[in-house]
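User: Please take a close look at one part of this model, the interface of chain A and chain D. Short sentences would help me.

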Number of protein chains: 4
Amino acid sequence: MIVGMRTGTTPEEIDGVVQRAKSLGLSVQLNLGTDKTVVAILGSNTGQLPTEFFAVLPGVESVTRIMKPYKLASREFKEEDSLVSINGIEIGGKRIVVMAGPCAVESEGQLIEAGRAVKEFGASILRGGAFKPRTSPFSFHGMEKAGLELLARAKKQFGIPVITEVVDPHDVSLVSKYTDILQIGSRNMQNFALLTAIGKSKRPVVLKRGFSCTITEWLTAADYLLAGGNNQVILCERGIRTFEDSIRFSLDISSIPVIKRFSHLPIIVDPSHAAGHYSLVPAIAKAAVAAGADGLLVEVHPNPKEALVDGLQSLTPSDFARLMEELRSIAKSVGRYI
Amino acid sequence: MIVGMRTGTTPEEIDGVVQRAKSLGLSVQLNLGTDKTVVAILGSNTGQLPTEFFAVLPGVESVTRIMKPYKLASREFKEEDSLVSINGIEIGGKRIVVMAGPCAVESEGQLIEAGRAVKEFGASILRGGAFKPRTSPFSFHGMEKAGLELLARAKKQFGIPVITEVVDPHDVSLVSKYTDILQIGSRNMQNFALLTAIGKSKRPVVLKRGFSCTITEWLTAADYLLAGGNNQVILCERGIRTFEDSIRFSLDISSIPVIKRFSHLPIIVDPSHAAGHYSLVPAIAKAAVAAGADGLLVEVHPNPKEALVDGLQSLTPSDFARLMEELRSIAKSVGRYI
Amino acid sequence: MIVGMRTGTTPEEIDGVVQRAKSLGLSVQLNLGTDKTVVAILGSNTGQLPTEFFAVLPGVESVTRIMKPYKLASREFKEEDSLVSINGIEIGGKRIVVMAGPCAVESEGQLIEAGRAVKEFGASILRGGAFKPRTSPFSFHGMEKAGLELLARAKKQFGIPVITEVVDPHDVSLVSKYTDILQIGSRNMQNFALLTAIGKSKRPVVLKRGFSCTITEWLTAADYLLAGGNNQVILCERGIRTFEDSIRFSLDISSIPVIKRFSHLPIIVDPSHAAGHYSLVPAIAKAAVAAGADGLLVEVHPNPKEALVDGLQSLTPSDFARLMEELRSIAKSVGRYI
Amino acid sequence: MIVGMRTGTTPEEIDGVVQRAKSLGLSVQLNLGTDKTVVAILGSNTGQLPTEFFAVLPGVESVTRIMKPYKLASREFKEEDSLVSINGIEIGGKRIVVMAGPCAVESEGQLIEAGRAVKEFGASILRGGAFKPRTSPFSFHGMEKAGLELLARAKKQFGIPVITEVVDPHDVSLVSKYTDILQIGSRNMQNFALLTAIGKSKRPVVLKRGFSCTITEWLTAADYLLAGGNNQVILCERGIRTFEDSIRFSLDISSIPVIKRFSHLPIIVDPSHAAGHYSLVPAIAKAAVAAGADGLLVEVHPNPKEALVDGLQSLTPSDFARLMEELRSIAKSVGRYI
């Protein structure tokens with residue numbers, strides 16, 4: 001941590017900084033520049049120390065972190081890539097894993113039809129929402145427990161794992177009974193009560209990026225899960241909020257190489273929620289694979305026109321089949337397979 | 001709702017839109033322009049209808065809402081200003097209500113000292129956090145139940161209401177036992193499980209704006225509380241995330257007149273979390289009162305240098321006293337008092 | 001254009017809207033809803049009409065465009081893809097065109113070495129800046145006329161076209177004498193004096209997206225060039241400003257399919273300025289090709305460590321060679337070639 | 001400047017950083033932490049040094065500035081507030097200076113009527129645009145030279161200074177002949193050719209903030225003007241682009257105390273362009289004065305309904321009169337006058 005003192009600082013002010021560092025068990029080096037005095041605060045875990053412990057002291061102008069605030073999710077903590085294994089399907093390795101299915105479970109017929117299609121065309125995992133967080137209280141909020149039961153049935157019928165979202169910390173064990181992977185939605189990335197509960201559960205979990213959270217905050221949220229003892233954590237980029245209004249969210253394609261550089265966790269991409277429109281999904285999905293994503297989370301609906309939730313961003317089974325064909329070729333170009 | 005068809009649309013595509021509208025019990029008017037056909041969808045509650053019910057149909061290029069997606073929080077639903085009354089203190093009227101105190105309850109001594117100071121200098125309500133949502137799992141998370149007990153003691157000693165944050169839907173009744181106003185933090189503005197629980201509780205509640213949520217989303221979140229039967233809802237602007245990096249969050253001063261125009265709910269401002277630095281708090285607080293805010297939520301700490309949380313943005317009691325003096329004069333300039 | 005009246009509007013207010021429409025030569029259709037009256041304004045060119053011509057009238061609550069504000073750049077104006085041809089190199093066709101070279105021309109040796117490398121590894125066009133817009137007045141601003149002369153020499157030696165930036169409307173003819181493609185930088189996307197001058201020049205031009213401009217504003221800026229009679233316009237996505245701080249700008253990958261949907265103009269991508277760091281350039285470049293970009297603009301420097309400008313984001317010749325290999329394979333996966 | 005080395009860096013890599021610093025005439029101090037080595041680079045003008053001079057070296061993970069990149073605009077360079085004096089009207093002192101008038105000069109009648117009204121109600125300076133930068137090439141672009149002549153006439157008739165925008169570096173001397181203050185629009189804040197020309201002109205200038213530029217970039221742009229020898233620089237906050245869509249731009253109220261902290265230059269606020277709607281202008285104007293702005297730039301039109309440009313955000317003369325009354329009282333509350 002680097003503490004920049006204001007021009008004309010006094011020896012007493014500098015000493016205040018030094019004393020505080022010592023009281024925290026840290027060591028200190030002074031850099032007396034021509035215009036500015038800079039105090040370097042040294043020690044392990046300075047990344048987890050609030051900068052304001054120093055910023056609040058008299059004479060201090062700026063405090064800059066050199067260490068990142070996250071720890072367990074960092075590549076410095078664990079150098080080799082983490083693999084998350086679900087019923088033998090490995091996420092984070094050479095294979096690019098595709099999770100597909102409808103946004104919301106709506107009926108047995110819809111889920112079975114979707115499940116059959118996505119399996120046939122190469123998805124390894126079935127997605128479907130039973131609890132739907134919706135911005136309006138007047139919207140459809142999912143089939144809840146009945147939806148979970150349908151997911152369990154589909155899982156059995158097609159022999160593939162299922163992933164679904166949890167929205168309340170007290171539902172974690174219920175949802176875990178029926179499904180293989182828990183999903184934390186974008187609006188809950190900093191719902192610390194939920195993160196803590198899922199950390200303790202030790203179930204495989206997909207942590208979606210908050211649509212206005214930095215990559216640093218995202219990895220710090222992952223630290224909640226890891227600190228709870230859950231190391232089956234998969235990150236999911238799903239678009240961030242920007243000023244651009246032609247799409248719902250701007251997919252942050254750069255987050256893929258940035259995550260690969262700073263973290264050991266696998267990262268998948270959800271092109272559907274970012275795009276908000278089916279016609280834009282294939283281009284984003286292909287870009288994600290080319291940029292190094294470890295998987296995709298794609299919405300596929302047997303009949304998007306009749307979907308209760310997010311039909312506009314869902315691919316039809318035949319669109320999905322065509323996309324998978326192209327993705328296989330791109331995966332090969334970057335030394336991977338689907 | 002206005003459905004814009006693509007250039008060269010067919011009569012069958014237009015009919016598809018008309019039939020869907022009819023199936024939803026809505027009426028329709030066609031506008032055949034020279035270049036574009038536009039279909040106006042008419043009926044009550046079109047604001048609560050997902051636009052994609054139409055956007056997903058063939059030939060549709062754009063769907064635009066005319067009605068807002070929120071309803072109960074809108075000024076069209078209730079024309080006169082709402083007042084929230086807490087132990088006789090009215091929020092939303094002529095009086096500007098100041099809530100002040102430390103970010104986190106740290107000890108009995110700290111809370112009592114803070115409570116004495118803020119009451120003496122004119123605050124009407126004492127704030128203090130017992131459950132602290134923190135971005136890192138390694139930070140101080142509040143005194144929890146012991147903190148609630150200290151708040152109840154301070155409330156009794158100074159005879160003023162207290163406000164504190166709830167972070168888990170299952171803590172609502174516990175927190176309600178000890179305090180007068182519940183606070184929903186920025187990161188929980190779209191935690192729908194929490195909104196639903198507090199809606200049912202019917203306790204006075206301060207709903208902070210999500211730091212990346214639009215005003216429309218904020219009022220739609222307020223609809224969750226109102227739809228649950230809780231009409232004691234106070235909005236709190238606390239800064240939004242922008243590209244500007246000289247402060248923590250950019251306080252959206254325009255949100256005050258915008259809320260006054262579109263909603264009947266009272267709005268207060270938290271200058272401390274926006275600024276992130278005590279030296280910027282007074283200017284923002286004064287601007288908020290001048291712009292028409294109904295109250296302020298200000299961090300005051302007896303000894304900011306020793307604060308465990310957010311000391312950098314806390315005013316000392318004497319800074320707070322000076323600010324209150326200036327605020328009284330500005331309040332008078334805009335026809336109000338503190 | 002759709003004019004939404006406030007609830008409880010009067011017949012006189014509606015008539016005011018109708019009369020204004022008529023005075024502008026437009027026709028009108030009224031939609032009397034249960035809660036709201038909506039007036040549809042019909043006619044050609046309503047996209048180019050300021051919405052406030054109606055928004056300012058009494059009783060009007062909202063005005064929504066159905067037509068886009070740009071015209072000449074839209075796919076509705078010209079359905080088939082535009083091709084820009086530079087000395088026989090076609091941009092916007094099956095071939096993905098790579099423009100590469102140093103950010104700034106620094107010396108004859110540097111430019112010749114860079115030119116040789118990029119040509120050898122498959123770039124079709126050489127880039128190099130002679131006039132450098134810099135945020136600080138104390139930075140290196142380019143070799144100016146001497147830089148142009150070096151570019152002309154390199155063009156002759158390697159037999160490939162060159163592209164360089166213009167920053168002052170009065171330099172357009174000077175720069176055109178030495179180079180083949182003019183570049184309008186991100187900070188000048190809405191420099192209307194410069195757009196007008198280049199529109200009149202009819203020289204091939206790369207229009208970089210303003211780092212905080214919407215796609216709609218970008219295409220409207222392209223209309224300036226097209227309206228001046230210059231139809232050799234190439235768009236260049238180079239990243240937008242967001243809250244994310246791990247990279248310089250967030251490349252908006254979705255802009256590629258969005259542009260392809262709404263415009264006939266070719267679009268290339270500059271991964272270097274977006275990334276700001278060489279290690280992130282390859283992933284973004286590959287994503288761009290997979291998403292459908294018509295070309296790339298990549299910084300390559302023979303010795304990035306000694307670069308005067310933007311060395312950190314420059315690839316070495318050998319990194320560039322490796323990237324080109326991967327790009328060829330991805331291009332093939334999406335039915336194109338380099 | 002602080003250079004953070006990657007974990008496990010080698011002595012050779014550290015030496016590379018040290019050698020580069022020495023070659024730039026800078027001194028160096030090493031801080032060998034337990035986990036990280038940090039190199040402090042010391043010397044004057046490190047703020048003006050590109051960080052990538054070090055970031056590009058092997059083993060370097062991060063480079064952080066301690067000094068700001070701007071210099072002449074900083075309060076460290078000049079401690080006392082700068083005053084800009086125009087025909088005896090001082091900006092930056094106790095008096096809050098109001099500049100008002102129409103967005104665009106449309107006719108003699110319109111300008112004279114506006115000029116009379118704003119003078120009568122207390123404005124000290126008349127504004128009016130002769131050259132209008134417009135996003136679409138099909139919009140009204142101002143009366144140009146004829147507009148300048150009308151401004152000169154109004155200036156004479158009412159005896160007050162006039163301010164108008166310049167958009168082309170080659171128009172600076174023409175515009176200076178007719179008017180007292182030059183204005184640089186938001187889209188031209190980083191038009192370095194224009195900044196350089198106005199820097200040399202030494203005319204009083206209002207530098208509007210780029211709607212997506214940081215305060216640091218804004219002050220660095222001001223350095224262009226100051227470096228050219230022009231020290232009559234007034235900053236103008238006019239709203240920044242955010243995700244919020246209920247207004248045109250979000251006025252960054254915090255920029256006022258931040259500028260006062262880091263710069264000696266006066267700052268005024270344009271509430272009209274931020275709001276985009278007349279009903280929101282008064283609240284923002286009052287907030288600006290309460291927060292410490294040195295002046296306002298307000299659009300007033302005798303008949304907003306007939307305005308050719310930006311009528312929706314213009315106040316009528318009577319609205320303006322009412323606002324001035326309230327502003328006088330708020331100014332007094334913060335120890336100033338109008």
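Analyst: Start with a term. A salt bridge is a side-chain nitrogen of Lys or Arg within 4 Å of a carboxyl oxygen of Asp or Glu. By that rule, two salt bridges cross the interface of chain A and chain D. In one of them, Lys36(A) pairs with Glu76(D). Their closest N and O atoms are 2.8 Å apart.

Some ground rules come next. Residues are numbered from 1 along each chain as its sequence is written, while chains are lettered from A and ligands numbered from 1 in the order in which they are written. This is a predicted model, where local features need pLDDT of at least 70, side-chain atom pairs count only at pLDDT 80 or more, and totals for chains, interfaces and linings use all residues; side-chain values use heavy atoms, with hydrogens and water left out.

Back to the interface. Six residue pairs across it are in polar contact, with both residues at pLDDT 80 or more. A polar contact is a pair of N or O atoms within 3.5 Å; within protein, one must be able to donate a hydrogen and the other to accept it, and residues adjacent in sequence count only if both atoms are side-chain atoms.

Which elements of chain A give two or more residues to the side that touches chain D? They are β1 (2-5), β2 (27-32), β3 (37-42) and β4 (60-64). Strands here are DSSP runs (E, at least two residues), numbered from the N terminus. β2(A) gives the most, with four residues. By type, this side of chain A has nine nonpolar, ten polar and five charged residues. Ala, Val, Leu, Ile, Met, Phe, Trp, Tyr, Cys and Pro count as nonpolar, Asp, Glu, Lys and Arg as charged, and the others, Gly among them, as polar.

Now look at both sides together. Chain A brings 24 residues to the contact, and chain D brings 24 residues. Contact means heavy atoms within 4.5 Å. The size of an interface is often given as the accessible area lost when the parts come together. Here, the area buried between chain A and chain D is about 2,100 Å². Carbon and sulfur atoms give 57% of it. Buried area is the accessible area (1.4 Å probe) that two parts lose on being put together, summed over both.

To recap, this interface has two salt bridges and six residue pairs in polar contact. On the side of chain A, β2(A) gives the most residues.
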